[in-house]
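Here is a short briefing to read alongside the model. It goes through domains, symmetry and the chain contact in turn.

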2 protein chains.
Amino acid sequence: MNADSTEANGAAPLVIFTPSGKRGRVPAGTSVLEAARLLGVDLDSVCGGRGICSKCQVQPAFGSFPKHGVTVAEDALSPVNEVEARYDRIRGLKAGRRLGCQARILGDVVIDVPPESQVHRQVVRKAADARPISMDPATHLRYVEVAEPDMHAPSGDRERLLAALAEQWGLAGAELAGGLLPVLQPRLRAGDWKVTCAVHKDHTDDAPQITQIWPGFVEGTPYGLAIDVGSTTIAAHLCDLATGSVAASAGVMNPQIRFGEDLMSRVSYAMMNPGGAAAMTAAVRGAIDELAETLVAEAQVPADRVLEAVFVCNPVMHHLLLGIDPVELGQAPFALATSDAVRGTAAELGLRALPASARVYVLPCIAGHVGADAAAVALAEEPWNSDELVLIVDVGTNAEIQLGDRTRVLACSSPTGPAFEGAQISSGQRAAPGAIERVRIDPETKEPRFRVIGCDLWSDEPGFAEATAATGITGICGSGIIEAVAEMRLAGLVDGSGLIGSAAETGTARAIPEGRTNAYLLHEGADGRRILVTQGDIRAIQLAKSALYAGARLLMDQFGTDHVDRVVLAGAFGAHISPLHAMVLGMIPDCPLDKVTSAGNAAGTGARIALCNRAARAEIERRVREIQKVETAVEPRFQEHFVAANAIPHATDPFPHLGAAVRLPDVAFGAAAQAGGRRRRRAARSGRT
Amino acid sequence: MNADSTEANGAAPLVIFTPSGKRGRVPAGTSVLEAARLLGVDLDSVCGGRGICSKCQVQPAFGSFPKHGVTVAEDALSPVNEVEARYDRIRGLKAGRRLGCQARILGDVVIDVPPESQVHRQVVRKAADARPISMDPATHLRYVEVAEPDMHAPSGDRERLLAALAEQWGLAGAELAGGLLPVLQPRLRAGDWKVTCAVHKDHTDDAPQITQIWPGFVEGTPYGLAIDVGSTTIAAHLCDLATGSVAASAGVMNPQIRFGEDLMSRVSYAMMNPGGAAAMTAAVRGAIDELAETLVAEAQVPADRVLEAVFVCNPVMHHLLLGIDPVELGQAPFALATSDAVRGTAAELGLRALPASARVYVLPCIAGHVGADAAAVALAEEPWNSDELVLIVDVGTNAEIQLGDRTRVLACSSPTGPAFEGAQISSGQRAAPGAIERVRIDPETKEPRFRVIGCDLWSDEPGFAEATAATGITGICGSGIIEAVAEMRLAGLVDGSGLIGSAAETGTARAIPEGRTNAYLLHEGADGRRILVTQGDIRAIQLAKSALYAGARLLMDQFGTDHVDRVVLAGAFGAHISPLHAMVLGMIPDCPLDKVTSAGNAAGTGARIALCNRAARAEIERRVREIQKVETAVEPRFQEHFVAANAIPHATDPFPHLGAAVRLPDVAFGAAAQAGGRRRRRAARSGRT
């Protein structure tokens, strides 16, 4: 390898970059930044090599490197120059670091590019979201020095700015966002012909576009919003587009709730009320504006730095966000106005909190019932890269279900209704402080204990009453009702058909009669206010879980399998469901319990990935086309699975893994036969047999 | 040539298209429309070959064609089919005509494409504008049949529409204008999955864009507006984008006049008043909206058919139209915010009378004082194609002057002020009914006769008083004052320095004293109201014509010439100037009188050319960069020429052609020496020596 050595052959200096391992010879005197560009090494720069931004910091290594076959002399780089010395004096340069734009290569050298100097660095997500996001954002800041106007060779300021970008950044064919024409002249002059531009170049063939201009050199980074527009809540992350880090997160209720709690009631509202869709569009856009303002204020980020927004949402929210009447989504064949990704500007989307030229990207939809939120979940979980057959369930008002592995991916939507979110439950409420979120019932005494949101103690621990005095115990949220029903089943309070036993049948005074059925008293407050799990609550959960299970089974049928290797529960709600309880209820197909994991807010994660990585946008657009869509509404087998799944598992077959984990009491209560008859009649009426 | 014959070699049929002369063999059974596409023959179609639109009508020729080397048998085309027969029954087909999409080629054939079936047909302009415009518009109507949604293979309506356009029209990579997403679904369904799209594809690399959708097949053509935004008036033509014909023309006063009469007073208004520029932008956009509504109503064209607008304007109007503060145009170095063409949408330009997705094209500017209007004049006059050295003068508040030939073109702007438009003239007024527009003065009697706008009679003809009773004789317009001053010079009422002689000196009682100078009484009404040409009027005209002449001379200096071969007077005003009188005044350099022509409203013509022809847009963008700009404000020679040109020619040198045409009286009035002294002092004060 010594043949490589410069001294041996008198050639141009050899430069080796780590950690990439890229190497090549460059003319003596080449700057490290230029060498990186020549060799395709990922070395950041905002100021374009003027010693201003310090983004191009590198760490040269000296001495003998047998592995690389070079020996690096102390004079392999030019001495620290005045620009670097001044930078070190004013802002401080770590020991051994050099500015890549100033240090010139004079001899063979090994140069390390530290992670913070890489454009395409990987960012480790916080907390549960541990998978790294690889950075390749569409928006970068570019500092340019623009030629001053010359009346003897007149040309527009726009034309000289674009020429400077082409010359100094190789950004040929760039365009200036139309809305910036009015501010161009004052900003160029305020910056004395030096400006920092935000330049957007996405994954398409579209020309690079200047989406913001600031006078002079701008210290800092561009920001973007990753926004998940749900039926109930709108959640957003404000992300640093250079590092991918989340500067602030917040959520608001979707104000469309006043037009209808669930999706179909909003579609109905649009159908029945002239201007209804437009009113809902205005409401959701207004809420997004407020959310953006909140985030910007909280993170103390200048609003003019927020230059991208990526949206994920279900199809109805998607249409209303884009100003499209969702009426077609309410009836077969559930035709989307558009399924591909939508690209535009904040102005086009009617968002006022962002700069008008900020770029908007809406992820593609998979099908009329499987939206951009499901696409985002897929982007976060990448079932197409899974060796195991993975079932991904995003539980919300509708459940979006995906099943697949490296060979293929299937997707469907299942109409679970809002029970899993605590709606249509007698004591149900949203997940908020005071809501019961976890429940345990002693199989012997049938006595419950529980935890409420906002308090880390269980209800039977000392200090619980004091700790919850402020919020009170106000109701039961989605994860709480699931655990309650599953625990009632495990404690023998509910039989396999879903009937609650009477006090006599169960031997506890907590089983109290309510009309012709029974209810279980979970909690009675000092004021006599009761939190019950009623027979109606159990039925609501049964309907919801049957729909979810039937959707999963339908995909398994289509895939040609009767088992899955692992299950991922996505959605904010998924993070709070206990895998054991989900399986006791029969929500998900049988699977080893340790193979059931939560992906947290996978849709939000997918939105952040699309925000931070252009290639991810290209990938999800391609993958969405390849995903096989299954429409539950017209599949007779879906109805069969739905009816068959109504029972709460009471046998270990087809749940062998569940059977290995728990013992399900073999109880059957008096009215079971009668209730079964009711169920069959109801199924017959709704054509679901 | 008979080797070509099909019978001779048993090959596929030979088809020869006229008038293009394009020829080639196609498989037997190929439709004439398909054959035209295969051979690159310009044959129109909107319905894409479905026998609906009739745009593809052709005229086959039968018999022996020695020139082409073929003999065409009667059965060379398939017989008239049911689609053609029905079309003929319902709408009528000219004798011998066939529908190109229905007639199939079975043998050698000669097919004529009549002009109305050619997309790129040439349109002869009306009246004075006799040069044909070659049609190659950016917007075409395309009829497509879109696949219906299939819930088992879900895709968006947008995606199926774009697929249909790609498949049925070869328009790959087209995009749907964002604003049309909300209307896409209802229109597709209203048309039973058949729609007509307006597709815009301009001269750039930008993807084709759908800018309008109508249910079903739309009979008719798209329209566009060619708009000349002048400082005083805004003029627009509504043009049929298929034929290029003008459906309606109208003009309105520019409402910005209330902010300042001339350009510089508007720039001052913007500088002195916060929000002043925005107010002027709103005013001009509002006027354009009103104008568009007027034209659409007058031509009875549906507003949703008006899908393009091309703008030409001077730099200040250009900036205010685009919402840019023109402050930089008011001071050296007169930097334009943008000099290249601007492309956008009606929504981006804040125009409400056009569909939001209608495309806007603003021609490029040449320099800070030579705007898109001058570029449009260049596009209309094409000096770069002139063998003779041509001087093009667009006279308005500023005069834009271009000089060139095939070798190169120079341009400058000259600050003539508004005198040529009748402003700053004692009895001056806009060109409107009642204004004196032509003047003759008898050299012997010194008696005037004149014509007023709105009446074809001269003032000394019988019936003139009756014919002008309605309007009255209200003042004198720009062309009128020029003729009046020139006639006064020719009649010996004014000397070479521009002084009006007294009654004693001129021998006419029409020379009346006014203060320390004299005036000429052009007309005195029955009510005693006088229309005078005062000494001040003469001075104003002298200043204006000096500026114009000096600009032309400066360009001639730069070009290295002391003569021009021909002169073109552009501008609405140019159409009314008599070449002789312009030369008597010394407005333009000496030139044979028959080589001075009017180009009418050349800026408007240029706007129409750019509207109707994409290649013209590419050409003017390229030419504008090549034109050499000369800045009069900083050229010492301009000031020299300006001062030297103040006199009204009284010698035949340097005006030999003028001298050959007229005799200029050799008069000099009493106060001449004194006036000359005043002029010199004034010039010294303003640094113009």
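Chain A is divided into domain 1 (2-117), domain 2 (138-215), domain 3 (225-362), domain 4 (376-418 + 540-685) and domain 5 (426-529), with bounds that come from an automatic or database domain assignment. Taken over C-alpha atoms, the centres of domain 2 of chain A and domain 4 of chain A are 50 Å apart. Please keep in mind that this is a predicted model, in which local features need pLDDT of at least 70, side-chain atom pairs count only at pLDDT 80 or more, and totals for chains, interfaces and linings use all residues. Residues are numbered from 1 along each chain as its sequence is written, while chains are lettered from A and ligands numbered from 1 in the order in which they are written.

**Symmetry**
- A turn of 180° with a shift of 0.0 Å along the axis lays chain A on chain B with an RMSD of 0.2 Å (superposed by least squares on the C-alpha atoms of residues with pLDDT of at least 70 in both).
- The two copies are therefore related as by a two-fold rotation axis.
- Asp206(A) has the C-alpha of chain A nearest the axis, 3.9 Å from it.

**Where the chains meet**
- Chain A and chain B each bring 36 residues to the contact, where two residues count if their C-beta atoms, placed from the backbone, lie within 7 Å.
- On the side of chain A that touches chain B, helix 4 (157-169) and helix 5 (181-190) each supply at least two residues; helices are DSSP runs (H or I, at least four residues), numbered from the N terminus.
- Helix 5 of chain A gives the largest share of that side, 4 residues.
- Because 100% of the interface residues of chain A are also interface residues in chain B, the copies meet through the same surface.
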